[in-house]
Amino acid sequence: GDSVIRYFEITAEPPFVHYINTFQTPDPQRGIGWMPKRGCDVSSCEIARFYRLNNSGLCQVISMTVPRKSELFQEDLYPDTIGDTHALTADEWMGGRDAEPLLVSLRGGYVPSTAPKSELRLTKKTNVLDKKGKSSQNVEALSGDIVKEFKEEIRKLKAMIVKHENRIRALEEFVREQKNEQNAELENKEEKEQKLDILSTQQTPPNLPSDLGPDEV
């Protein structure tokens, strides 16, 4: 969705990265495809070319060139680059070999390689899973032992779960009994307090009239 492309120059000396300019269009981009270096036009000092897919669905070709007065081949702009010939075959790479990519010179423009292409050969190998030898027997025996260990572990876990469930059930019953005892004690205490209140009210003498003299009491 961005519509801005910023490009920089990288050098071997500090600060290494130098800002050059910005390419900007009003139409946002949806994707970019990059042309390999060997596809650039060396006669116009083109160092990069990419294809920008606009939001409208059109493909815009953007070329980056370095202005030079000389029309000679610019070696500093075009060092040897990766060619179209592979350095290893698929079998060699699968076998663990490693090699640097084959480089080609762009002097005079890119010339496709005339070397014959290697033919794709399909080698059908036997599947080791189709043969049941000692290794398969060992695997079956080992898998049987593992299954037994798992079953024994599951049995122990089930026994432990049952033990914990019984303990939890006993604790719940103990807590329930404690609550019942506390409730009973609380009820007894309330009954005693009510009885004491009744007795205290019965033993209190009646209120005497306040206008009686001392001899009339």
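Which strands each supply at least two residues of the nonpolar patch? In this predicted model, the strands in question are β1 (4-10) and β2 (17-24). The patch lies on the surface, covers about 550 Å² and is made by Phe-8, Ile-10, Phe-16, Val-17 and Tyr-19. Of these residues, Phe-16 is placed in the loop between β1 and β2. The relative accessibility of Phe-16 is 41%, and Phe-16 therefore counts as partly exposed, a class that runs between the cut-offs of 20% and 50%.

A further loop position was examined at Gly-57, which lies between β4 (46-54) and β5 (59-65). Gly-57 has a relative accessibility of 47%, so this residue also falls in the partly exposed class. In sequence, Gly-57 and Arg-30 are separated by 27 residues, while the distance between their C-alpha atoms is 8.5 Å.

The loop between β5 and β6 (81-82) contains Gln-74. Gln-74 is classed as buried because its relative accessible area is 10%, and the limit for this class is under 20%. When neighbours within four places in sequence are left aside, Gln-74 is in contact with Cys-45 and Arg-68. With Arg-68, a polar contact is formed from side chain to side chain, at 2.7 Å.

In terms of accessibility, then, the loop residue Phe-16 is partly exposed at 41% and Gly-57 is partly exposed at 47%, whereas Gln-74 is buried at 10%.

Terms used
Residues are numbered from 1 along each chain as its sequence is written. This is a predicted model: local features need pLDDT of at least 70, side-chain atom pairs count only at pLDDT 80 or more; totals for chains, interfaces and linings use all residues. Side-chain values use heavy atoms; hydrogens and water are left out. Patches are made of residues with over 30% relative accessible area and no salt bridge: like charges are joined within 9 Å, nonpolar side chains (Val, Leu, Ile, Met, Phe, Trp, Tyr) within 5 Å. Accessible areas come from the Shrake-Rupley method with a 1.4 Å probe; for residues, only the protein chains shown count as cover. A salt bridge is a side-chain nitrogen of Lys or Arg within 4 Å of a carboxyl oxygen of Asp or Glu. Helices (H or I, at least four residues) and strands (E, at least two) are DSSP runs, numbered from the N terminus. Buried means under 20% relative accessible area, exposed over 50%, partly exposed in between (1.4 Å probe, protein chains only). A polar contact is a pair of N or O atoms within 3.5 Å; within protein, one must be able to donate a hydrogen and the other to accept it, and residues adjacent in sequence count only if both atoms are side-chain atoms. Contact means heavy atoms within 4.5 Å.
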